[in-house]
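Trainee: I would like to go through this structure with you, taking up its charged pairs, its nonpolar interior and its cysteines in turn.

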Amino acid sequence: GGGGSKAKSQFRGSCASSLYVKALSVVTGPGPGGREPKPGEVGDEDDYEMIAKLYSRHSGDALALFALSLCPGIYGNEMLKAGLVLALFGGSRKHLSTAGRGSKSKAPLRGDAHVLMVGDPGMGKSQMLRAVCKASHRGVYVTGNISTSTGLTASVGKDGGTGEFCLEAGAVVMADQGVCCVDEFDKMGADHQSLLEVMEQQEVSVAKAGLVASLPARATIVAAANPEKGHYDSSGSLSDNIKLSPALLSRFDLIFLMLDQPDEEVDGLLSEHVMRLHGRGSGKENIPALTFGKATQRRRAGGRGGGRGSQRSDSGKDRLLERIRALQSSGTKPVPLEVIQKCVAYARKHVAPVLTEEARVVLKRCYLELRSQNANCVGGIPITVRQLESMIRLAEARARCEMRERVTVEDAEDVVAIMRESLYSTVMDEYGSIKVGGRKKGKHAEAKRYLTTLAKMARAQGRRTFSVQELYGIADDIRLQVDDMVNLVEELNYAGELLKKGNGMYSLA
């Protein structure tokens, strides 16, 4: 009655905080000190012995083993699975001093690697996300079509007992130091813009209802999106297909495309794999593993053309693919996700790899090559320091996957292969160059790039006249992508950009 409400108001006024916990019973677990290990946590000597036996049996091939075991029901996509395994282990979180030597003010530098999967329906993206969530020692799975920005980050609500405002953690805050898997990422509309701060600064800043706070959100974001038109349009850019802002796309360390391309030989292998997979439930457990033949290699090579750029970077990728396929051909059984979960938890807690000088050289060389290719494209997708930081994080994750304290050259080469596979599938063309905005270059853009190159050569050589053979040679040097070079020269002459002087000579206007 009235006396009860009066006593309650007096109690609130006399206490700084009126929140309390009412315990009905306390039950202690069988673990040491009354504490039971959390799911995925290494809690006893049996777990340590199991991890030691696993790594002694597969020394140097733990990445291939985990990639084979992550989602064996999905055919192929070995490089994608390897990238997801590296995202599970993650790199080392660092703290950089912001006010000189000896200062206690330090800015955190994230070590988690974010992965985005974009593909046609029916390619197994949701199954991949489920497997990653189960393999993580702390995983949260949400779907974008029924999630809001506050549901992902944090919201403010009223406490039922006291009526005071309080903060309620969202998915990324609950997945702190773990993995947050977001399915149907393209269905979120403008809500995914709330992840910009989370993916880079790894914290959630809240200023609502008089509450100002910053919540830790040191989580790895693994997202899956479908193309807007139902099928991925290779002639358009990535942002055109899924309608995501460039600022958000640049925060993903790896972006993979999963395309459904008709191929008679590959489709035959895929159907055989599905039939074998469903046959395991009918009492036929000793079914030999399906080997990956030359059809998948031909499909990968044919998808990017036979240009010089694709030949230059296939060696590192082939070595990693060969190790994964060799394990499968040898009849190696997949490791249960619970075992991967314990390995991830142990490695993230006890292993902190550092880069060696040899690994730095490999990563630096790859970054400079990407920058030089990007410089030759007018309006191309920028290759910035974020790509270099991504390779460093992935290299640390590669060493952490093997339980090593130092990043070796082999770790760096595997990371370069995975990074190039991600770039080739999204922003590289068949010539090994970075595509303009992720789409094939138009004739106007190519003509502009050609005239810019001629102007630079004219200033460098002190002349503005070129022969026809020189014009064709310059076009070959910069890999000009036009169907008819003779027609292009005539159009530039008609537009007044190249003036015909006679005897096969042209002058730059």
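Trainee: Is arginine 393 buried or exposed?

Mentor: The model is a predicted one, and the relative accessible area computed for arginine 393 is 6%. Because buried means under 20%, arginine 393 counts as buried.

Trainee: With which residue does aspartate 253 form a salt bridge whose closest N and O atoms are 2.7 Å apart?

Mentor: Aspartate 253 lies in the loop between H10 and E11, and its partner is in helix H17 (residues 385–401), 140 residues apart from it. Aspartate 253 is itself buried, at 4% relative accessibility. The residue that pairs with it at 2.7 Å is arginine 393.

Trainee: How far apart are the closest N and O atoms in the salt bridge of arginine 110 with aspartate 253?

Mentor: Arginine 110 sits in the loop between strand E2 (106–109) and strand E3 (115–119), so far along the chain from aspartate 253 that the pair links distant parts, 143 residues apart. Arginine 110 is buried, with a relative accessible area of 6%. The closest N and O atoms of this salt bridge are separated by 3.3 Å.

Trainee: Is glutamate 413, which forms a salt bridge with arginine 319, buried or partly exposed?

Mentor: This pair connects helix H18 (residues 409–426), which holds glutamate 413, with helix H14 (residues 314–329), which holds arginine 319. Arginine 319 has 38% relative accessibility and counts as partly exposed. For glutamate 413 the value is 30%, and this residue is likewise classed as partly exposed.

Trainee: Which helix gives the most to the largest nonpolar core?

Mentor: The largest nonpolar core has 73 residues, and those with the most contacts inside it are Phe66, Leu84, Phe89 and Met117. Nine residues of this core come from the helix that spans residues 78–89, namely H4.

Trainee: Which phenylalanine is in contact with methionine 117, leaving aside its neighbours within four places in sequence?

Mentor: The contacts of methionine 117 beyond those neighbours include Leu80, Leu84, Met128, Leu129, Val222 and Met258. Lys125 is also one of these contacts. The phenylalanine among them is Phe256.

Trainee: How many disulfides does a search of the whole structure find?

Mentor: Cysteine 180 is buried, with a relative accessible area of 0%, and the cysteine sulfur closest to its own, in cysteine 181, is 6.9 Å away. That is too far for a bond, because a disulfide needs the two sulfur atoms within 2.5 Å. Over the whole structure the number of disulfides found is zero.

Methods
Residues are numbered from 1 along each chain as its sequence is written. This is a predicted model: local features need pLDDT of at least 70, side-chain atom pairs count only at pLDDT 80 or more; totals for chains, interfaces and linings use all residues. Side-chain values use heavy atoms; hydrogens and water are left out. Buried means under 20% relative accessible area, exposed over 50%, partly exposed in between (1.4 Å probe, protein chains only). A nonpolar core is a set of buried Ala, Val, Leu, Ile, Met, Phe, Trp, Tyr and Cys residues joined through side-chain atoms within 4.5 Å. Helices (H or I, at least four residues) and strands (E, at least two) are DSSP runs, numbered from the N terminus. Contact means heavy atoms within 4.5 Å. A salt bridge is a side-chain nitrogen of Lys or Arg within 4 Å of a carboxyl oxygen of Asp or Glu.
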